[in-house]
Amino acid sequence: MNASIFNIQRYSLHDGGGIRSIVFFKGCPFRCPWCCNPESLSVHPQLMFKKSLCIQCSLANGVCTSAVEDCPTKAKSMIGEHKTIDEIMDVLIRDKVFYETSNGGITLSGGEVLLQQVAALELLSACKKQNLHTAIESTLALDIEQIHAWAKLCDRFLIDLKIMNPQKAKEVLGIDIHKVKENIKQLIHLNAEIIIRIPIVPTYTDSSENITGIISFMHEVGLKEVHLLPYHNLGESKYKSLNLSYSLYDAKPINDKIVEDIRQTFIDANINACIYGN
Ligand code: SF4
Ligand code: SF4
C-alpha cells in the first residue's frame, strides 16, 4: 500500500500533544482561501520553483533545461511522493524514544487525510503495532469509511471547524458543515477523543456570530476543548512558487487582542481554549 505524502515533519510540538512526527498527506478537495499548505491541494506530485534561489545556471531562451534532480540550489523541486507504509514507518520509528518520554506520538495531517483512508488506516494500524499514540487532523467533511476502525486506531481527533453557516461554508470552502457535524457526533458516539481547532481568519471565521455557532455546537455535543490558530500569511510565497493564485495576498496577520477576546469567549462558555502560534 502506498500513500501520497508531501512531508514528514519530526519534532513537532503543536499537533496532538507531546513531541510528534506529522505525516502530511497530499490532496484536499476543499479550498480554504487562507490555506497555508497549497502544496497539499493536489494529490499528485508537483513542481515547485523558488525564483529567489535560481542562479540561472541552465537557461536556454529564458527556460531552465536542467532536470529537477540536477538543480544545484534546489530552486526547482518536486513536492510529494508515493511512499509505502513500511517506508513511512521506518522514518517514524526513529523518534520512538521522544514520543514515549513526552506523551507524544504520530499525527496524520494534510491536505485532507480522509482522501486516502485505506492508506491512512493502514498507517495508523502500523503505529498501533508499535504502541504509538496516534492522532489525525481533519475537516471530517468527507464520508468516513470504516468509522469503527478509525475510532479504534486513532487516539485523538483534531477537527477543524471553520465557517458554521452552511451556505457560506459551501460557497467559500466547498465544505458541507452538516456532514462535519454528523461525523463528529458519530465519533463521539464511539467514545473518540475530539479537540476542535479553529483557524481565526479576519472576516471569514472571527465574527461573533460564527464563534457563537461553534460554541453552541460544542455545547450540544459536549465537547470541551478548542485550539485557536491565528491566521498568518506564511504560506503566501508558496503560492507564487507553485504558480497558484492566493486570494488573501493583502490580508494582514490577525490582531492579538481579537484572538485573546475569542479565547476568553470560549473560557466564559466553559470550554478550555488555548492559542497556538503556528
Ligand atoms: S538548474 Fe536550478 S538554479 Fe539552474 S537555472 Fe534551473 S532552476 Fe535555476
Ligand atoms: S481543508 Fe486544510 S488543506 Fe484543505 S484547503 Fe482547507 S486549509 Fe488547505
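Here is a quick briefing on the fold, the core helix and the two ligand sites of this model. The model is predicted, so local features need pLDDT of at least 70 and side-chain atom pairs count only at pLDDT 80 or more, while totals for chains, interfaces and linings use all residues. Residues are numbered from 1 along each chain as its sequence is written, with chains lettered from A and ligands numbered from 1 in the order in which they are written.

**Overall fold**
- The protein chain has nine helices and 13 strands, taken as DSSP runs numbered from the N terminus (helices H or I, at least four residues; strands E, at least two).
- Its radius of gyration is 20 Å, which agrees with the value near 19 Å for a compact globule of 278 residues; the radius is taken over C-alpha atoms, and the globule rule is 2.2 Å times the number of residues to the power 0.38.
- Of the 278 residues, 37% count as buried, meaning that 20 or more other C-beta atoms lie within 10 Å of a residue's own (12 or fewer is exposed, in between is partly exposed; C-beta atoms are placed from the backbone).

**Core and helix α3**
- The largest nonpolar core has 64 residues, and Val23 and Leu123 have the most contacts inside it; such a core is a set of buried Ala, Val, Leu, Ile, Met, Phe, Trp, Tyr and Cys residues joined through C-beta atoms within 7 Å.
- Helix α3 gives this core its largest share, seven residues.
- In α3, the buried residues are Ala119, Ala120, Leu121, Leu123, Leu124, Ala126 and Cys127.
- Val23 touches Leu123 as well as Ile5, Ile8, Ile88, Ile106, Leu108 and Ser109, leaving aside residues up to four places away in sequence; contact means C-beta atoms within 7 Å.
- Just after α3 comes Asn131, with a positive phi near 60°.

**Ligand sites**
- Around ligand 1 sit Cys54, Ile55, Gln56, Cys57, Ser58, Leu59, Cys64, Ser66, Cys71, Thr73, Ala75 and Lys76, where a residue is included if its C-beta atom, placed from the backbone, lies within 6 Å.
- That shell has seven nonpolar, four polar and one charged residues (Ala, Val, Leu, Ile, Met, Phe, Trp, Tyr, Cys and Pro count as nonpolar, Asp, Glu, Lys and Arg as charged, and the others, Gly among them, as polar).
- Ligand 2 has among its surrounding residues Cys28, Cys32, Cys35, Arg31 and Glu112, and its shell divides into four nonpolar, five polar and two charged.

**Lys168**
- Lys168 is found in helix α5 (residues 166-173) and counts as partly exposed because it has 15 C-beta neighbours inside 10 Å.

Technical notes: Two residues are in contact if their C-beta atoms, placed from the backbone, lie within 7 Å.
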